[in-house]
Amino acid sequence: MKIHFFDKENMMIYLNKHYTKTIDLDSQDELEDYFKQLFLRLHQYYDISLHGYYNIILYCDRYYGMVIHLSKEEIDYYNYFDKEIDMRIVIDKTNQFLYQIDDYFALPTELQKKVTIYYYRDHFYVKVKRELTDIEFAILLEQAILHYQQNDSIIKNGMVIKE
């Protein structure tokens, strides 16, 4: 789990597939229970207290896991959400995760066999097409910047270097 704070009301939580493999994204009740447990873990281990109303956007990828964007919405109600959490959850299953790298020759040969490499606007992007081992995924993440939004133009207009 990795947490990136933008400010007090906005944060990103990166969860690998080991954290998210048991979540049923089609069950609203299960999602709400999962987020309650996640909020408790954030409070218990990271001393992050969450209360109020949150807009939650889930970006899901079967190889990576999930990126969660939490943004707190200020509501003009009087202390209604003082000690409670309420949430609106939106799931984006249509996007594809890409990994921006500087040099695709730096990737091990076995890893190169499991990915598609695109060249778009002076950058190389890797798209995972087969399951990677944990070590291969760690090597990729060590060299890459994760892109999880609006990657359609890269896939559509980018030049395929290696398939």
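This report walks through a predicted protein model, from its overall build to two helices and a few single residues.

**The whole protein**

Let us begin with the big picture. The protein's secondary structure consists of five helices and 10 strands. Its C-alpha trace spans about 55 × 30 × 30 Å along the principal axes. Of its 163 residues, 40% count as buried. Among contacts with a separation of 6 or more, 66% join residues 24 or more positions apart. The protein exposes about 10,200 Å², and carbon and sulfur atoms supply 47% of that area. As for charge, there are 19 positive and 27 negative charges, and the mean positions of the two groups are 7 Å apart.

**Helix α2**

Now have a look at helix α2, which runs through residues 28–46 and has 19 residues. From its first C-alpha to its last it reaches 26 Å, close to the 27 Å expected at 1.5 Å a residue. Which residues of α2 are buried? They are Leu-31, Tyr-34, Phe-35, Leu-38, Phe-39 and Leu-42. Viewed down the helix axis, the buried residues of α2 fall within an arc of 140 degrees, so they line one face of the helix. A general rule helps here: an α-helix has 3.6 residues a turn, so residues three or four places apart point the same way.

The face of α2 turned away from the buried side carries the exposed residues Asp-29, Leu-40 and Gln-44. Cover for the buried residues of α2 comes from elements including β1 (2–5), β2 (10–16), α1 (17–20), β3 (52–61), β4 (65–73) and β5 (85–92).

**Helix α4**

Helix α4 covers residues 134–143, and its buried residues are Glu-136, Phe-137 and Leu-140. Seen down the axis of α4, these buried residues fall within an arc of 100 degrees, so they line one face of the helix. On the other side of α4, you will find Ile-135 and Glu-142 exposed. What covers the buried residues of α4 includes β6 (98–101), α3 (109–112) and β8 (123–128).

**Residues with a positive phi**

Most residues other than glycine have a negative phi. Here are some residues with a positive one.

| Residue | Where | Phi |
|---|---|---|
| Asp-47 | just after α2 | about 55 degrees |
| Asp-122 | loop between β7 (115–120) and β8 | about 65 degrees |
| Gln-150 | loop between β9 (145–147) and α5 (152–157) | near 50 degrees |

Is Asp-122 buried or exposed? Asp-122 is exposed, with a relative accessible area of 63%. Gln-150 also counts as exposed, at 72% relative accessibility.

**Two more residues to find**

Glu-74 sits in the loop between β4 and β5. Because its relative accessibility is 55%, Glu-74 counts as exposed. The C-alpha atoms of Glu-74 and Tyr-53 are separated by 7.3 Å, with their positions 21 residues apart along the chain.

Val-160 belongs to strand β10, residues 159–162. With a relative accessible area of 40%, Val-160 is partly exposed. Which residues does Val-160 contact, leaving aside its neighbours within four places in sequence? Val-160 is in contact with Thr-116, Ile-117 and Tyr-118. Val-160 and Leu-15 are 145 residues apart in sequence, and their C-alpha atoms are 29 Å apart in space.

Definitions and conventions
Residues numbered from 1 in each chain as written. Predicted model: local features only at pLDDT ≥ 70, side-chain atom pairs only at ≥ 80, totals over all residues. Heavy atoms only, no water. Helix = DSSP H or I, 4+ residues; strand = E, 2+ residues; numbered from the N terminus. Expected span 1.5 Å × (residues − 1). Buried < 20%, exposed > 50% of the residue type's maximum accessible area, 1.4 Å probe, protein only. Arc of directions from axis to C-beta. Contact = heavy atoms within 4.5 Å. Areas by Shrake-Rupley, 256 points an atom, 1.4 Å probe, with all protein chains shown as cover. Lys, Arg positive; Asp, Glu negative; His and termini not counted. Charge placed at Lys NZ, Arg CZ, Asp CG, Glu CD.
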